[in-house]
Amino acid sequence: MKIMKSVLRRRTFLSGAFAVGLAAAAPFGTASAQEPIKVGLVAALSGQSAKSGEAITRGLSIAIDEINAAGGINGRKIELISRDDESNPGKGLLAARELVQREKVAAMFGGLDTPVSLAIVPFANQSKVPFVGVWAAGTNITRNGAADNYVFRVSAVDAYVGEALVDYAIKHGAKKPGMILINNPWGESNEHALHDALKKHNMTAAGVEKFQDADVDVVPQLTRLKQAGADTLFLVANVAPSSQVVKSLERMGWNVPIVSHWGPAGGRFTELAGPRSADVHFIQTFLFSDKQSAKANDVLAKLKAKYPAIKTLADVTPAVGIANAYDAMHLVGLALKKAGSTDGKAVRDALLAIDKYDGLIKTYEKPFTAQNHDALGPKDYVFAHFVKGEILPLTQ
Amino acid sequence: MLFTSAVITGLGLGAMYGLIALGFHITYTVSNTVNFAQGSAMMVGSVLGFTLMVTYGLPFWVAAPIALAGCAVFGLIVERVLVRPFVERNSDAWLMATVAGGIIVDNIVLFTFGKEPRSLPSPLATNSIEFLGTGVYPLQLIIPVVGLCVAVALQIIFRRTHLGKALLAVVQNRDAARLMGINAKVVVASAFAISTALAGLAGLLIAPLFSVYSDMGTLFGLKAFAVAILGGITSASGVMIAGLLYGVVEALVTAYLGSSYTQIVVFTVIILALALRPNGLLGRAAVNKV
């Protein structure tokens, strides 16, 4: 299996090298001021989570179009270079290396998978290239303990999501919540966050159960939680495994409230999870149907114009990927302009010095500080659920 | 309740592993080769089922035979392109070739079928029924029955029918069988077709309980191979029993020890079982003739 993939890898590598050769040969004689500034994306563009990569690409592209239409960064256009990590940490790290060392990107954006982002973090810090997460929520991606931290994020953070999920559950009457978590670093990051958040309310979890991506039946785990007396479930998993949990609950006839991280938003949850899908209340950072601002309408119109496949709001799910990426690209654009160079340290310092940006998700005031590399906080979350394939806000 | 629900879960999953593992058993018995793309064959069954039933709206009784035939054709191609050329040159490279074939098929499906997991609805997996104090879909009860029936049918086919006897004759002595007018090539090819059709059947059965996507078969294929070895790859009933046992142990470990321990405990049990019975539960020792 590995051998086959590495052969494919080598081939893409060679064709990439060929393309770079052509690109290097072509612009002789043109002024270097006109050379585009490259920014990179390492995200899942194939496999189960491919839709997330598509959403991120769309958000970044709309923002890049806007920046370039307004004259670019001090006269230089921005160019996006994307690499597929196939949700595989090793491939993600390889792609990040290639983007930094070969393509010389000024900044990189990350994708949906926390394990992939965690693999890239040490490399980004070491090579001093800003790495901006727009989806993966693992707490220690930005809080990575590096003395010289080049990792930023415009997305949810598990530590805050844990607090938000616990607050929401308590508000809806939870006394003894249980956890059903995917068995990977993302699930673990949330286990810590949820335990910490429960402790703040002097509560403990009824139980913690893990399950695998390919588990067909989660009834045994859920039965354990039921016998432990869980009255609410915290769910953390991507869309396909999340729907296995919902189907298993339906089968058991256990009508327990489900408060979820944003995994279900990543695909056709209504179709996969069946009639009970609307009962899953999950967190989002942005919904086009929630904020009818002029900016939201403008971005939606641009999306429809650029991508004819987008016809209704159901086609821009999950909106978080688009919105986080859009705001992140504009923040990086502001930093590049301010830095006046593509030097990693200058761009990082410029990101920390941004005062205000009127974005799609909110108006960012001092989004990044030396202590806080996360532009979004617990107050920026909204709860939502799926109704007939569309994500609609829930009134809290 | 914990016990019964775990056992029902385990029997359903175990039958899936068993069906795919039977495919390993059949080709190994006939040709001493296995198709490591069995997991992909299962996925092909699910994807064809989804395409015919959901996209084209065909009823199950029309769609299922077409999907199984499609899987059988996949098996024929695997044998002709990925196995036979290597076996004829006394090479073991069919091992890598079938693994690679599976990856290629997974990726072709990724690009044609799409990247998003889809759901194949079934009236047998919509409303749960009460069974021994726990809720189950009727389909979960049907799967183990189908699995056992297939294993028994295979046993009978091998022992009683002309095709079965031809298969066994080829196993015993390829050249003698050929002299008796048995076309060994056709026999081996049909063994591959039957094996992928069985995996496809598993795919059709599991799809309504799971979601349909391009690499859904990978883990099933791996577990099924473990099951085939555990059962003693030369015995159909041994393989099916091993599948059911594997499924039940997996579900019971999850239910009583917690899901963090499932893989560790289950695979430790397999290693121990093989240490005690190196030829599998019902397998016979291979005789190395010198």
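I looked first at helix α2 of chain A and found it mostly covered, with 15 of its 20 residues buried (buried meaning that 20 or more other C-beta atoms, placed from the backbone, lie within 10 Å of a residue's own; helices being DSSP runs of H or I of at least four residues, and strands runs of E of at least two, numbered from the N terminus).

I noted that this is a predicted model, in which local features need pLDDT of at least 70 and side-chain atom pairs count only at pLDDT 80 or more, while totals for chains, interfaces and linings use all residues. Residues are numbered from 1 along each chain as its sequence is written, and chains are lettered from A in the order in which they are written.

I then checked the length of α2(A), residues 50-69: its end C-alpha atoms are 28 Å apart, in agreement with the 28 Å that 1.5 Å a residue gives (1.5 Å times one less than the number of residues). Just after this helix, Gly71(A) has a positive phi of about 105°.

Next I looked up the contact between the chains, to which chain A and chain B each give 31 residues (C-beta atoms, placed from the backbone, within 7 Å). On the side of chain A that touches chain B, the elements giving two or more residues are α2, β7 (208-211), α8 (219-227), α9 (239-252) and α10 (269-273).

Last, I turned to the largest nonpolar core, of 220 residues, where Leu22(B) is among those touching the most other members (a set of buried Ala, Val, Leu, Ile, Met, Phe, Trp, Tyr and Cys residues joined through C-beta atoms within 7 Å). Helix α8 (residues 184-206) of chain B gives the most to this core, with 15 residues.

How values were computed: A residue is buried if 20 or more other C-beta atoms lie within 10 Å of its own, exposed if 12 or fewer, and partly exposed in between; C-beta atoms are placed from the backbone. Two residues are in contact if their C-beta atoms, placed from the backbone, lie within 7 Å.
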